[in-house]
Amino acid sequence: MPGAGTDKTREWPAFGGPAIILVEPQMGENIGAAARAMGNFGLTDLRLVRPRDGWPNLQAVRSASGADRVIEGARVYDRTEDAIADCTLLLATTAREHGQQKTVIDAEEAARRLQPRIAAGETTGILFGRERTGLENYEISLADLVVTLPVNPAFSSLNLAQAVLILGYEWFKLASGGALPFETQHKAGPAEKKHLLAFFDSLERELDRAEFFRPPEKRPTMTANLRNLFHRMTPTLQDVQTLQGIVRAISEGRKGPARGGLLDGEGAETLRELLAEHNAGRVPRERAPVRGLARLLRRNATDAERLLWKAMVNDRRFAGRGFKRQVPVGQYITDFVSFPLRTVLDLVPPQESEEAKYVRADKRKWLEGRGYRLIELKAAEVEADVRGTLDRIDAALASGQTVT
Ligand code: SAH
């Protein structure tokens, strides 16, 4: 894909590099791929000696994948001698032994030999041969050094552009100091022990609550193993905070400290409103409230219920009168009922929908029809003056009158 990985806002490296000299390259494709490899490693000086298909070459442009600068700057020569004329150091690459008295080096060493010369401002070059036959002996003889690569002796010939790539890579690695273009994402350092210890504390406290450490005598070994497990992660502060959050979420639930799923006073009132409006918590055509509903209501007392119940329990006048909270009587759940006194205390919420009023009236009729006395108490009054409410209930119980 042309342009892939190209960043026009960046400068090409200033340290330059050797000229890449392709002798009689045959395929435009290989010239383009060689130019691309050169671009990857910051090389710009491409020299072509008698390219078979002439120059410019459309196929070469395509294969260069945007290494336009290299392609456009390429110079074409009739003779190898002309292509190397300005070089003070020339390397010849080959897969084959040419039987010449020359030092043979690998690509890494080639980069090392080139570097001081290029740094000194000299022009250097690397010769590459034809795809089919490589470099001829006389071309090798023009070079100062022979470069060959450690390869499978049974299959030693590289693609021309790939040979350029390896030489380019070794050059760039040396010249650039081997710095990678980007680094490992900076990871926060390991958490301090105090944070880990705080986490262990809460984890172990919750595990204690869940009776995880069994039998108790194994607790020391188990906690040590647990702690080691987390130490092996070398967690960061963020990791420890996440772990803390997990323990808290599991132990306390999403909405803060566990309250056993209990509603607050307001929530409890809403629950009753909903029930009053929805068939008093009865499944249609059933005569009794939904199973467990009374218990749910008992567990979720409104503020008025809680106040009144507490006051009643602590008031001698009510001891032995047999009041209970949120108990089903027939199809209704009563706020307070005394079966011995056949008396129901009914709390009336501050605002009541028409529907709820209707259900309440029905309840009163039903209870009174069965010999229950119904004492209605305004929730707001209970909350405002619970002692006074108790006095009125007591008086009503004594007189046998109805209180509203
Ligand atoms: N058939 C040719 C190889 C041509 S490959 C031969 O036997 O020589 C094209 C060019 O890539 C070679 O001339 C040389 O410049 C380079 N090349 C290929 N394989 C190489 C290797 N193992 N070591 C060094 N250069 C190599």
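Student: How many residues surround the ligand, and which are the closest?

Tutor: A residue is near a molecule if one of its heavy atoms lies within 4 Å of it. Here 21 residues surround the ligand, and the closest are Thr93, Arg96, Gly129, Ser156 and Leu158. Keep in mind that this is a predicted model, where local features need pLDDT of at least 70, side-chain atom pairs count only at pLDDT 80 or more, and totals for chains, interfaces and linings use all residues. Residues are numbered from 1 along each chain as its sequence is written, and side-chain values use heavy atoms, with hydrogens and water left out.

Student: Which polar backbone atoms does a nitrogen atom of the ligand pair with?

Tutor: A polar contact is a pair of N or O atoms within 3.5 Å (within protein, one must be able to donate a hydrogen and the other to accept it, and residues adjacent in sequence count only if both atoms are side-chain atoms). In this model, a ligand nitrogen is 3.3 Å from a polar backbone atom of Thr94, and a ligand nitrogen is 3.1 Å from one of Arg132. There's also a ligand oxygen 2.7 Å from an N or O atom in the side chain of Thr93.

Student: How much of the ligand does the protein bury?

Tutor: Accessible areas come from the Shrake-Rupley method with a 1.4 Å probe; for residues, only the protein chains shown count as cover. Taken alone, the ligand exposes 540 Å², and the protein buries 93% of that.

Student: And how is the protein divided into domains?

Tutor: Domain bounds come from an automatic or database domain assignment. You get domain 1 (19-175), domain 2 (193-252) and domain 3 (265-399). Between domain 2 and domain 3, the C-alpha centres lie 46 Å apart.
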